[in-house]
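Subject: Structure handover and notes

Dear colleague,

Here is the structure I promised to pass on to you. Please look through it alongside the notes that follow.

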Amino acid sequence: MSRIVKNYIYNVVYNIFVIIVPVITAPYLTRVLGATRLGVYSYVNSVTSIISSFILVGLSSYGSRQLAYVRDDKENLSKVFSNLMGLRLFLGLIGTAFYFVYAGMTDYQYYFVLYYIYFLGNIIDCTWLFVSVEDMKVPTLKNIMVKVAVTVGIFVFVKTKEDLWKYVFLLAAANLFGMIVAYPQLKKYVRLKLFRINSFWRNYKGAVILFLPSLVSTIYLQMDKVMIEWLTKTTNQVSFYDQAEKIVTIPLSFITVLSTVMMPRIANEFAHRNYNNIEGLLVKASRTSLILAYPLMFGIAGIAKRFIPWYLGEEFTATATALILLAPIVTSNTLIGISGTQFFIATGQTNTLLLSNSSAAIMNVVVNALLIPRYGYVGAAVATLLSNYTLVVIQYAALNRQIDIRKMFYKTSRYLLSSLFMFLAVLFIGYIGNATPLTTFIQVIAGGAIYFVLLIMMKDDLFMELIRQVLKK
């Protein structure tokens, strides 16, 4: 378990820095660029993500799983990695053609051309190898330096509304450079070989099978912003929704990253038919995740009305409503990470993933089409919420047929109850306070204190163990 803990820490640190750029720069950018221009970036980014997902057909998840199966054999590991990288480059050429064709049909060709650098970074990504061998130290430290440089660059170069192109280029270049700096570490695990073209179809077929759930997942994760632009013909609404989604993503980085580091371990246990170990890992992961997910969900919803006006500016006040509506996805995405990423992907149960993700995607597109024309970003937030929990219900119904999920949720009701009491206190503080940083600070400190005190009073064994480990270190 020590390696899992170490990689969890490295992944959390890395994800903090992935998110820290928009967190630190958001108040500055919303005031300098405004909602409309930031909405242009959000739209371009969403379209690029969708095209990347279609072209790369889930190769990162597929590659991590395949390498986890053979990671104890360096020769075989090198062969599989080289063949998969060759396939990525081949698909990248095809994707490039699609990318520029779509870009030429939009009103934002200039920004799409700049953002192609980001697309190229996704093509040459090799970090999925480090996930499979459970070693994230060096890539994490290198990418932290990249994120720091981006943050500095935004404050130095983005000064007026006309500097949107600089912002787009900085983020795109950072993604590409972050991928490049991870390459020197490869030699520790693999020797690059000439890839075998005759392996492409086998790997492509396997990735497509795994990709189908990822494809439909991408639809309901990215299509919200694209459909807002399509159906409202405005980009400021895209920006309201996107800013709320980014804020919700912050606590998720602490929680769902556990799924990333657990999946290779579970895949390895599955390959060795250690089924009891798999159940034990899921039980530990679920309790550890939910002790964080519940208070973060209620905390975000509780501070939204007093937080957004001073953080993003009065122009983005509407984002508070979207933030409240999206807060519950902290819990749903946590649960999805446990069942989907940690279990169904690791054990190759793509049919379950396809069924659940397809149902969620259909729900998302239908509700978006019905609500966005009338309610804009609010309709998109409702669609995301409904689709996420549709996915949760389907996946956990399937999981319960293989593992007793009651063990996973044992004692977690106390976390939910404690979070609810915390939420009421946070709301009250916000009601009597103004939209200032001081009010938000008091809400966060008071809410956290209330939650921790309640868990201490309940003598929760997991929380007390975490306290003992912190004090020990």
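The notes below cover two helix pairs, a pocket and a cavity.

Please bear in mind that this is a predicted model, in which local features need pLDDT of at least 70 and side-chain atom pairs count only at pLDDT 80 or more, while totals for chains, interfaces and linings use all residues. Residues are numbered from 1 along each chain as its sequence is written, and side-chain values use heavy atoms, with hydrogens and water left out.

To begin with the helices (DSSP runs of H or I, at least four residues, numbered from the N terminus), the axes of α5 (residues 109–123) and α8 (residues 164–180) come within 7 Å and cross at roughly 15°. Axes here are lines fitted to C-alpha atoms over the stretch in contact, and angles run from 0 to 180 degrees between N-to-C directions. The two helices α5 and α8 are therefore roughly parallel to each other (angles under 35 degrees count as such, and those over 145 as roughly antiparallel). Their contact (heavy atoms within 4.5 Å) involves, among others, Tyr110, Tyr111 and Leu114 of α5 and Leu164, Trp165 and Val168 of α8. By class, this contact of α5 with α8 has 16 nonpolar, three polar and no charged residues, where Ala, Val, Leu, Ile, Met, Phe, Trp, Tyr, Cys and Pro count as nonpolar, Asp, Glu, Lys and Arg as charged, and the others, Gly among them, as polar.

Helix α15 (residues 350–375) packs against helix α16 (residues 377–399) at an angle of about 160°, with their axes 8 Å apart, which makes α15 roughly antiparallel to α16. The residues of that contact of α15 with α16 comprise 17 nonpolar, eleven polar and no charged.

Turning to the open spaces, the second largest pocket (on a 1 Å grid over the protein atoms alone, an open set of points with protein on both sides within 12 Å along at least five of seven lines; lining residues have an atom within 4 Å of a point) is lined by Ile51, Phe54, Ile55, Leu91, Ile94, Phe98, Tyr102 and Tyr204. Helix α4 provides the largest share of this pocket's lining, four residues, and the lining has eight nonpolar, no polar and no charged residues.

As for the second largest cavity (a set of points where a 1.4 Å probe fits but cannot get out), its lining consists of Pro22, Thr25, Ala26, Leu29, Leu38, Tyr167, Gln243 and Lys246. Helix α1 gives the most to that lining, with four residues.

With best wishes

Notes
Angles under 35 degrees count as roughly parallel, over 145 as roughly antiparallel, 65 to 115 as roughly perpendicular and the rest as oblique.
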